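Hi everyone, thanks for having me. Could you pull the picture up on the screen? I'll walk you through it bit by bit.

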Amino acid sequence: MSRRTISAARRTQILEAAVDVIGARGLADTRISDIAERTGTSAGLIVYYFGSKDRLLAEALTFSEERFYTATAEELKDIPTAPAQLRRLIELSCAANGDGRRGIDEWLLWIDMWSRALRDPDVAGDRAALDRRWRETIADIVRRGVAAGEFRDVDADEFALRLASLVDGLAIQVVLADPDVTAERMLAVCLGMAESELGAGAVAAEG
């Protein structure tokens with residue numbers, strides 16, 4: 001039997017459990033048996049399907065990111081302007097809860113991945129692909145806004161790099177429960193940066 005024979009439903013069940021357990025405990029304190037218990041399977045089968053905890057982390061984060069992008073794309077398609085889309089994307093990225101947003105559990109997965117990417121070339125490759133997709137999502141919205149005259153004429157890729165880096169850095173402070181960096185302040189800082197670079201009112205709330 002190959003690892004590829006795992007059913008889509010079973011894979012989703014395992015990855016959902018992995019997101020929850022790794023997010024709550026961190027990868028170092030997560031046992032494969034904890035995830036197996038939640039999914040009603042054996043630790044041996046999970047190792048057989050995914051190979052290692054590092055591979056399970058990468059696939060869990062990819063799964064969580066895909067869920068984020070699917071939910072986000074569904075929401076953004078009904079928002080008519082680039083400024084309103086960018087504001088909503090920032091709001092979803094700065095949320096402290098889940099429900100299709102980048103909540104605390106997912107940021108904890110990211111912190112584990114950043115750490116392991118320093119030592120594992122495979123994890124590093126996964127990290128680079130996920131970060132590239134995130135920056136491209138931001139840049140695509142900015143390019144549409146520039147073309148429509150809704151934003152200043154900026155380099156969309158450079159702006160995306162700065163905003164993504166700001167979100168990542170502030171998210172670490174939120175995860176660490178820094179008293180000076182709440183999720184609300186993170187949101188305000190990110191919106192302020194976008195306003196400063198893209199023009200006054202560039203990400204003002206609709207209405």
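Okay, a quick bit of vocabulary: when I say helix, I mean a DSSP run of H or I with at least four residues, and the helices are numbered from the N terminus. Also, keep in mind that this is a predicted model.

So, the overall picture. The protein has nine helices and zero strands. Its radius of gyration is 18 Å, close to the 17 Å that the globule rule gives for 207 residues, so the protein is as compact as a globular protein of that length. The C-alpha atoms fill a box of roughly 55 × 40 × 35 Å. Of the 207 residues, 44% count as buried. And if you take contacts between residues at least 6 apart in sequence, 64% of them join residues at least 24 apart.

Now let's zoom in on helix H8, residues 156-175. How far apart should its ends be? At 1.5 Å a residue, its 20 residues should span 28 Å, and the end C-alpha atoms are 28 Å apart, which agrees. At the N-terminal end, Asp-155 acts as a cap, with a side-chain oxygen 3.0 Å from the backbone nitrogen of Asp-157. Just after H8, Ala-177 takes a positive phi of about 60°.

Which residues of H8 are buried? Among them are Phe-159, Leu-163, Val-167, Leu-170 and Val-174. Here's a handy rule: an α-helix has 3.6 residues a turn, so residues three or four places apart point the same way. What covers the buried residues of H8 includes helices H5, H6, H7 and H9.

That takes us to the core. The largest nonpolar core has 64 residues, and those touching the most other members are Leu-56, Leu-86, Ile-138, Phe-159, Leu-163 and Met-186. H8 gives the largest share of this core, ten residues. Take Leu-163: leaving out residues up to four places away in sequence, Leu-163 touches Leu-86, Ile-90, Ile-138, Cys-190 and Met-193.

One last stop: Phe-63, in helix H4, residues 53-76. Buried or exposed? Phe-63 has 14% relative accessibility, so it counts as buried, since the cut-off for buried is under 20%. Apart from neighbours within four places in sequence, Phe-63 is in contact with Thr-12, Leu-15, Glu-16 and Val-19. Phe-63 and Leu-15 are 48 residues apart along the chain, with their C-alpha atoms separated by 6.9 Å.

That's my tour, thanks for listening!

Note on methods. Residues numbered from 1 in each chain as written. Predicted model: local features only at pLDDT ≥ 70, side-chain atom pairs only at ≥ 80, totals over all residues. Heavy atoms only, no water. Helix = DSSP H or I, 4+ residues; strand = E, 2+ residues; numbered from the N terminus. Expected span 1.5 Å × (residues − 1). Buried < 20%, exposed > 50% of the residue type's maximum accessible area, 1.4 Å probe, protein only. Contact = heavy atoms within 4.5 Å. Polar contact = N/O pair within 3.5 Å; in protein donor to acceptor, adjacent residues only side chain to side chain. Core = buried A, V, L, I, M, F, W, Y, C linked by side-chain atoms within 4.5 Å. Rg over C-alpha atoms; globule rule 2.2 N^0.38 Å.
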